[in-house]
Amino acid sequence: MQSEMATAFMQGAGFNPQSLKYLLFVVVFAMVFSIGAWLGTLVLKAYGDGELNAPEAMRACIGIAITVLLVVGVIGSIIL
């Protein structure tokens with residue numbers, strides 16, 4: 001944003017637009033990690049129930065971790 005636009009936004013909304021970007025990033029970050037944790041618990045539950053063996057569970061957990069990190073990185077680069 002140009003300085004005039006940021007000043008007008010600050011006067012109209014009452015807060016800094018940069019703060020809004022960081023808030024949006026934190027909310028998206030929390031949602032993505034919550035979904036990743038939920039998927040991880042599903043994998044571990046399947047492993048505990050005997051539906052997955054150890055290498056399959058490990059591969060699934062690593063896949064979830066890589067996907068979460070990629071999503072956070074891409075969305076973070078777009079937002080910030």
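This tour moves from a pair of helices to the aromatic rings. The model is predicted, so local features require pLDDT of at least 70 and side-chain atom pairs count only at pLDDT 80 or more, while totals for chains, interfaces and linings use all residues. Residues are numbered from 1 along each chain as its sequence is written, and side-chain values use heavy atoms, with hydrogens and water left out.

Select helix H2 (residues 17-48) and helix H3 (residues 54-79): their axes come within 10 Å and cross at roughly 170°. H2 and H3 are therefore roughly antiparallel (angles over 145 degrees between N-to-C directions). Next, display the contact residues (heavy atoms within 4.5 Å); among them are Leu24, Val28 and Tyr47 of H2 and Ala57, Ile64 and Ile79 of H3. This contact divides into 20 nonpolar, 3 polar and 1 charged residues.

Turn now to the aromatic pairs (ring centres within 6.5 Å), of which the structure holds 3. Select phenylalanine 9 and phenylalanine 15, an edge-to-face pair (planes over 60 degrees apart) with 5.7 Å centre to centre and 90° between the planes. Phenylalanine 9 is partly exposed (from 20% to 50% relative accessible area) at 27%, and phenylalanine 15 is partly exposed at 37%.

Then return to helix H2, where phenylalanine 29 and phenylalanine 33 lie 4 residues apart, about one turn of the helix. Their ring centres are 4.6 Å apart and their planes stand at 55°, so the pair is tilted (neither under 30 nor over 60 degrees). Phenylalanine 29 is partly exposed at 35% relative accessibility, as is phenylalanine 33 at 34%. Finally, add Phe25, which forms one aromatic cluster with Phe29 and Phe33.

Technical notes
Axes fitted to C-alpha atoms, helices over the stretch in contact; angles between N-to-C directions. Helix = DSSP H or I, 4+ residues; strand = E, 2+ residues; numbered from the N terminus. Parallel < 35°, antiparallel > 145°, perpendicular 65-115°, else oblique. Nonpolar A, V, L, I, M, F, W, Y, C, P; charged D, E, K, R; others polar. Phe/Tyr/Trp six-rings, centres within 6.5 Å; stacked < 30°, edge-to-face > 60°. Buried < 20%, exposed > 50% of the residue type's maximum accessible area, 1.4 Å probe, protein only.
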